[in-house]
Amino acid sequence: MENCVFCKIVKGDLPATVIFENEHVLAFKDINPLAPTHVLLIPKRHMESLDDLPESEAALAGELLLRIKDVAAKLGVTGGYKVVSNCGEAAGQLVYHLHFHILSGKKFVP
Ligand code: AMP
Ligand code: ZN
């Protein structure tokens with residue numbers, strides 16, 4: 001995807017502070033952190049949002065969740081963390097490449 005910011009990060013065309021990477025996923029620091037710890041985890045392959053994740057990608061869906069857990073552990077978050085994926089305009093999605101926010105280090109109101 002030519003104009004996708006996160007695809008550019010995957011390709012190395014845009015800088016990012018990478019926390020974790022494997023064949024399928026990439027985790028990097030959010031450029032505008034909303035909490036002391038704010039990392040984004042994305043599939044390397046472009047898909048717009050959770051709505052764009054096909055049935056045939058159940059293995060990738062599992063990979064995303066399991067690596068979120070690993071990244072949280074790697075970040076050494078204590079006292080818990082929050083995982084958010086904004087899906088669509090009304091949810092406030094700004095970047096249309098599926099991503100999960102991993103947030104920690106402050107008290108969140110449910
Ligand atoms: P949203 O689409 O609303 O879930 O949020 C997109 C998130 O991506 C925001 O928290 C931005 O701060 C973050 N973001 C946008 N561009 C970059 C970038 N180049 N590097 C890191 N994070 C980014
Ligand atoms: Zn993309």
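This report walks through a predicted model, looking at its zinc site, its other ligand, its nonpolar core and a few single residues.

## The zinc site

Let's start with the metal. Two cysteines and two histidines hold the zinc ion (ligand 2): C4 and C7 bind through SG, while H46 and H97 bind through ND1, with distances of 2.1 to 2.3 Å. The angles between the four donor atoms run from 106 to 116°, so the arrangement is tetrahedral. For reference, ideal tetrahedral angles at a metal are 109.5 degrees.

Along the chain, the donor residues follow the spacing C-x2-C-x38-H-x50-H. C4 sits in the segment before α1 (5-11) and H97 in the loop between β4 (82-84) and β5 (100-104), so this pair ties together parts that lie 93 residues apart in sequence. How accessible are these two, buried or exposed? Both C4 and H97 are buried.

## Around ligand 1

Now for the other ligand. Ligand 1 has 16 residues around it, and the closest are D30, G92, L94, H99 and H101.

Several polar atoms come up to the oxygen atoms of this ligand. A polar side-chain atom of D30 is 2.5 Å from one oxygen atom of ligand 1. G92 uses its backbone instead, with an N or O atom at 2.7 Å from an oxygen atom of ligand 1. From N86, a side-chain N or O atom lies 2.9 Å from a ligand 1 oxygen atom. How much of ligand 1 does the protein cover? On its own the ligand has 510 Å² of accessible area, and the protein covers 85% of that.

## The nonpolar core

The largest nonpolar core has 13 residues. If you want to find its best-connected members, look at A27, V39, L41, L64, V71 and I102, which touch the most other members.

Helix and strands both feed into this core: β2 (25-29), β3 (37-43), α2 (58-75) and β5 each give two or more residues. The top contributor is α2, with four residues.

## Q93, in the β4-β5 loop

Q93 belongs to the loop between β4 and β5, which is also where the zinc donor H97 is found. With a relative accessibility of 5%, Q93 falls under the 20% cut-off and therefore counts as buried.

What does the side chain of Q93 reach at 2.9 Å? That partner is the backbone oxygen of E48. A polar atom of the Q93 side chain also lies 3.0 Å from the backbone oxygen of V95.

## R67, on helix α2

R67 is part of helix α2, the helix that gives the most residues to the core. Its relative accessible area is 18%, under the 20% limit, so R67 is classed as buried. The side chain of R67 also has a polar partner: the side chain of D70, at 2.9 Å.

## Two more positions

I9 is found in helix α1. At 12% relative accessibility, I9 counts as buried. Between I9 and P43 there are 12 Å from C-alpha to C-alpha, with the two residues 34 apart in sequence.

Towards the other end of the numbering there is K106, in the segment after β5. A relative accessibility of 44% makes K106 partly exposed. K106 and I19 are 87 residues apart along the chain, and 20 Å separates their C-alpha atoms.

Terms used
Residues numbered from 1 in each chain as written. Chains lettered and ligands numbered in written order. Predicted model: local features only at pLDDT ≥ 70, side-chain atom pairs only at ≥ 80, totals over all residues. Heavy atoms only, no water. Donors = N, O, S within 2.8 Å, 3.2 Å for Na, K, Ca; no water. Tetrahedral: all angles 85-135°; square planar, octahedral: opposite > 155°, others 65-115°. Buried < 20%, exposed > 50% of the residue type's maximum accessible area, 1.4 Å probe, protein only. Near = heavy atom within 4 Å. Polar contact = N/O pair within 3.5 Å; in protein donor to acceptor, adjacent residues only side chain to side chain. Areas by Shrake-Rupley, 256 points an atom, 1.4 Å probe, with all protein chains shown as cover. Core = buried A, V, L, I, M, F, W, Y, C linked by side-chain atoms within 4.5 Å.
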